[in-house]
Amino acid sequence: MKKFFIICAAILLINSSAFAEEKIFVDNFILWTAHRDELVDEYTLKHYGKICREIVPQAVVVHWTAFGTLESVWRYFYAEEMPDDEGRLNVASQFIVDRDGTIWRLMPETKFARHAIGYNHCAIGIENVGGYDGREDLTKAQLKANVRLIKYLHEKYPTIKYVFGHYQQDAARASGLFIENVPDYYAKKPDPGKKFMRALRSRLEKDGLVFYDE
């Protein structure tokens, strides 16, 4: 654990000039080698019928981790293969937001990440540490951080139009973005909770982003 935070502190110092300008997130990238690219190719060909290592962001999907700490979730995402299913692309997300509102970027925003069935080819994922036992326990600091991050992403990528919680994956099919070639490949999700999404909607809908009813 100590080694993890020493590395993070070093990253902060090295990139201090960049953060002086943006002050939005800290880079702490997960492992990405040619092997992860191969796993991405395999996954995207199977599920979307095409290779998709890079995405054109059109949506932001908001999640909660439902377990662990920032460090433990980062370590889980770090592996290129699923820990319990060798040979398959591991789940990951472009961002994690800690309970104090600190935002960590795990990969460049346009890198493909496996975080939401049917939308990975076009969506940036934001994980929030929390949701233990399904409790809607995300913090005010996390809400503020998500608002800042989504505003930043929307400004950087004008192609982003939709914001939805993982639990709204079915409603979001109205966007026309959903693609899934594997029959019955589906997982019902409760994250990040209705209360959190209502709060995000009230703060961001005026920016021209599309949200979905509960």
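In the predicted model, arginine 75 is partly exposed, with a relative accessibility of 43%. The side chain of arginine 75 meets that of glutamate 71 in a salt bridge, with an N to O distance of 2.9 Å. Both residues belong to helix 4, which spans residues 70–78, and they stand four residues apart, about one turn of the helix. Glutamate 71, in contrast to its partner, counts as buried, at 9% relative accessibility.

This pair belongs to a wider set of charged contacts, since a search of the whole structure finds 14 salt bridges. One of them joins arginine 105 to aspartate 27, the closest N and O atoms lying 2.6 Å apart. Arginine 105 is placed in strand 6 (residues 103–105) and aspartate 27 in strand 1 (residues 26–27), so the salt bridge ties together parts that are 78 residues apart in sequence. Arginine 105 counts as buried because its relative accessibility is 14%, which falls under the 20% limit for that class. Asp27 and Arg105 are also linked with Glu109 and Lys156 in a network of salt bridges.

A further salt bridge is formed by the side chains of arginine 53 and aspartate 41, at 2.7 Å from N to O. Aspartate 41 lies in helix 3 (34–48), whereas arginine 53 lies in the loop between helix 3 and strand 2 (59–64); the pair therefore ties together parts that are 12 residues apart in sequence. The two partners fall into separate accessibility classes: arginine 53 is partly exposed, with a relative accessible area of 35%, while aspartate 41 counts as buried, at 12%.

Helix 3 itself has 15 residues and reaches 20 Å from its first C-alpha to its last, close to the 21 Å expected at 1.5 Å a residue. The buried residues of helix 3 are Arg36, Asp37, Leu39, Val40, Asp41, Tyr43, Thr44, His47 and Tyr48. Among the elements that cover these buried residues are helix 4, strand 3 (81–82) and strand 4 (85–89). Histidine 47, which has its place in helix 3, is buried, with a relative accessible area of 4%. When neighbours within four places in sequence are left aside, histidine 47 is in contact with Ile179, Glu180, Asn181, Val182 and Tyr185.

Empty space within the structure was also examined. Rolling a probe the size of a water molecule over the atoms shows where such space is left. A search of the whole structure finds one cavity of 30 Å³ or more, and the largest cavity has a volume of about 30 Å³. Arg36 and Val40, both buried in helix 3, line the largest cavity together with Trp32, Leu89, Asn90, Ala92, Phe112, Ala113 and Arg114. By class, this lining comprises six nonpolar, one polar and two charged residues.

The largest pocket holds about 490 Å³ of space. Of the 25 residues that line the largest pocket, Val91, His115, Glu127, His166 and Lys189 are the closest to its centre. Strand 2 and helix 4 each supply at least two residues of this lining, and helix 4 gives the most, with three residues. The lining of the largest pocket has 15 nonpolar, six polar and four charged residues. Helix 4 thus recurs in several settings: helix 4 holds the salt-bridged pair of arginine 75 and glutamate 71, is among the elements that cover the buried residues of helix 3, and contributes to the lining of the largest pocket.

Definitions and conventions:
Residues are numbered from 1 along each chain as its sequence is written. This is a predicted model: local features need pLDDT of at least 70, side-chain atom pairs count only at pLDDT 80 or more; totals for chains, interfaces and linings use all residues. Side-chain values use heavy atoms; hydrogens and water are left out. On a 1 Å grid over the protein atoms alone, a cavity is a set of points where a 1.4 Å probe fits but cannot get out, and a pocket is an open set with protein on both sides within 12 Å along at least five of seven lines; lining residues have an atom within 4 Å of a point. Grid points are joined across faces, edges and corners, and a volume is the space filled by probe spheres set on the points. Ala, Val, Leu, Ile, Met, Phe, Trp, Tyr, Cys and Pro count as nonpolar, Asp, Glu, Lys and Arg as charged, and the others, Gly among them, as polar. A salt bridge is a side-chain nitrogen of Lys or Arg within 4 Å of a carboxyl oxygen of Asp or Glu. Buried means under 20% relative accessible area, exposed over 50%, partly exposed in between (1.4 Å probe, protein chains only). Contact means heavy atoms within 4.5 Å. The expected span of a helix is 1.5 Å times one less than its number of residues.
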